[in-house]
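Student: I've got a structure open here and I'd like to quiz you on it. Can we go from the whole fold down to single residues?

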Amino acid sequence: MDILENSLRGTGMDERGLAGAPWPSVDVAAVQGLLARCPAAAETPLVAMPGLGPDLWVKDERGRMGLGSFKALGAAYVIACDAAATGAEDMGRALEGRSYVTASAGNHGLSVAAGARVFGARAVVYLAETVPESFAARLRGKGAEVVRAGADYAGSMAAAEAAAAAGDGTLLSDSSWPGYMALPHRLMEGYLAMAAEITAQSPAPFDVIALQAGVGGMAAAVAAHVRAVWGDGPRIVVVEPEVAPALIESIRAGRPVETGGPVSAMGRLDCKAPSFIALKGLARDADAFVTVTEDEAARVLPALAEKGMATTESGAAGVAALMAMGLGPETRALAIISEEPEA
């Protein structure tokens, strides 16, 4: 485990290197108002997990809106906002004729597909050749068109960008970069629903909160809300795979950094470049950045499964970090079980 204390905490990164990225939203009311109109929207539980070292609690996102991941709150929220803006009486046809294009290595694509289907839009999801066909089948089951492109996620993302530029639809990514900020900013806002549930469900602030990150959107949204509600009390730790340390290396460098490395079993977190919006927020709000090894992530899965919390290496990465940190039983800690196990 690599641990980096965040020297930028409280002040943030030099904005000249962040291409005008906005701060992560803390407008919980906007999200809750829209979700209240969604029949599938419901809180996910905060669950005590005794016997794993610290006084551990987990936010169980495996049942979120029937999509198996917190990602249900992201892209689908953006599409719902677009549908609401049309003022259509029949919301099921509000976005007929509209298309959304994205690349995905996991649950983001399901969120795009589900949101598009609810409001009558078309979803096109680009998948790298390494993504299992079982996941492609799940996307098709949600009504998405699946296109195979690229040897890895970066390749599929490039293909999705090219398709959107050619007029095949609106690019809807869960990352942000220079010139592409508005939609990912709103997408991150959707994750505030989960963050607000955490602060409402817990009777007191946590001592330590571990937030796993790929490009960093979920971590930044939760961290921004935690600071707004609980202030400086909780120690927020951002967790990445050892082979995809884009955020920790960006904090070390004081600017966005693209990293390289082999493929990680933590596939949903295997992102080699940070979201600019997420990096801006986490540079200000996170206390530390850590990386976990492949073995550390895999090692916690049996213990979680025994407690009825089966998940993947990506879903368990926050728990893995807390276990590796050796926290004592007096430490009240939170991790997010971010997704259901793969079929």
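What follows is a set of questions and answers on this model, which is predicted.

Student: Let's start wide. How many helices and strands are there in the protein?
Tutor: Keep in mind that this is a predicted model. Going through the protein from end to end, you get both kinds of element: 13 helices and 11 strands.

Student: Why does the protein count as being as compact as a globular protein of its length?
Tutor: Take the globule rule for 343 residues, which gives 20 Å. The C-alpha atoms fill a box of roughly 55 × 40 × 35 Å along the principal axes. The protein is as compact as a globular protein of that length because its radius of gyration is close to the rule's value, at 19 Å.

Student: What share of the residues count as buried?
Tutor: Buried here means under 20% relative accessible area. The protein exposes about 12900 Å², with 53% of that supplied by carbon and sulfur atoms. Of the 343 residues, the buried share is 57%.

Student: And among contacts between residues at least 6 apart in sequence, what percentage join residues at least 24 apart?
Tutor: E189 and V31 give you a feel for such a pair: they are 158 residues apart in sequence, with C-alpha atoms 7.0 Å apart, and E189 touches V31. Over the whole protein, the share of those contacts joining residues at least 24 apart is 72%.

Student: On to the second largest pocket. Which residues lie nearest its centre?
Tutor: The second largest pocket has a volume of about 480 Å³. Its lining has 21 residues, and the elements giving two or more of them are helix 1 (28-35), helix 2 (75-86) and helix 3 (107-118). Nearest the centre you'll find C38, M65, A80, V118 and F119.

Student: How do the lining residues of that pocket divide into nonpolar, polar and charged?
Tutor: Cys, Met, Ala, Val and Phe all count as nonpolar, which takes care of C38, M65, A80, V118 and F119 near the centre. The full lining of the second largest pocket divides into 17 nonpolar, one polar and three charged.

Student: M65 caught my eye. What is its phi?
Tutor: Most residues other than glycine have a negative phi. M65 sits in the loop between strand 3 (55-60) and helix 2. Its phi is a positive value in a residue other than glycine, near 55°.

Student: A19 has a positive phi too, so is it buried, exposed or partly exposed?
Tutor: A19 lies in the loop between strand 1 (2-5) and helix 1, with a phi of about 55° although it is not a glycine. Its relative accessibility is 40%. Buried needs under 20% and exposed over 50%, so A19 counts as partly exposed.

Student: Which residues of helix 9 are buried?
Tutor: Helix 9 covers residues 246-253 and is followed by G254, whose phi is positive, near 75°. What covers its buried residues includes strand 1, strand 9 (235-241), helix 10 (276-285) and strand 10 (288-292). The buried residues themselves are A246, L247, I248, S250 and I251.

Student: E189 is a glutamate in helix 6. Is it buried or exposed?
Tutor: Leaving out residues up to four places away in sequence, E189 touches S25, D27, A30, V31 and Y77. Its relative accessible area is 11%. The cut-off for burial is under 20%, so E189 is buried.

Student: And P234: which residues is it in contact with, beyond its neighbours within four places?
Tutor: P234 is in the loop between helix 8 (217-230) and strand 9. With a relative accessible area of 1%, it is buried. Its contacts are P205, F206, D207, I209, V226, R227 and D287.

Student: Last one: which residues does A113 touch, not counting those up to four places away?
Tutor: A113 is found in helix 3 and is buried, at 2% relative accessible area. Its touching partners are A123, L139, K142 and A144.

Notes. Residues are numbered from 1 along each chain as its sequence is written. This is a predicted model: local features need pLDDT of at least 70, side-chain atom pairs count only at pLDDT 80 or more; totals for chains, interfaces and linings use all residues. Side-chain values use heavy atoms; hydrogens and water are left out. On a 1 Å grid over the protein atoms alone, a cavity is a set of points where a 1.4 Å probe fits but cannot get out, and a pocket is an open set with protein on both sides within 12 Å along at least five of seven lines; lining residues have an atom within 4 Å of a point. Grid points are joined across faces, edges and corners, and a volume is the space filled by probe spheres set on the points. Helices (H or I, at least four residues) and strands (E, at least two) are DSSP runs, numbered from the N terminus. The radius of gyration is taken over C-alpha atoms; the globule rule is 2.2 Å times the number of residues to the power 0.38. Buried means under 20% relative accessible area, exposed over 50%, partly exposed in between (1.4 Å probe, protein chains only). Contact means heavy atoms within 4.5 Å. Accessible areas come from the Shrake-Rupley method with a 1.4 Å probe; for residues, only the protein chains shown count as cover.
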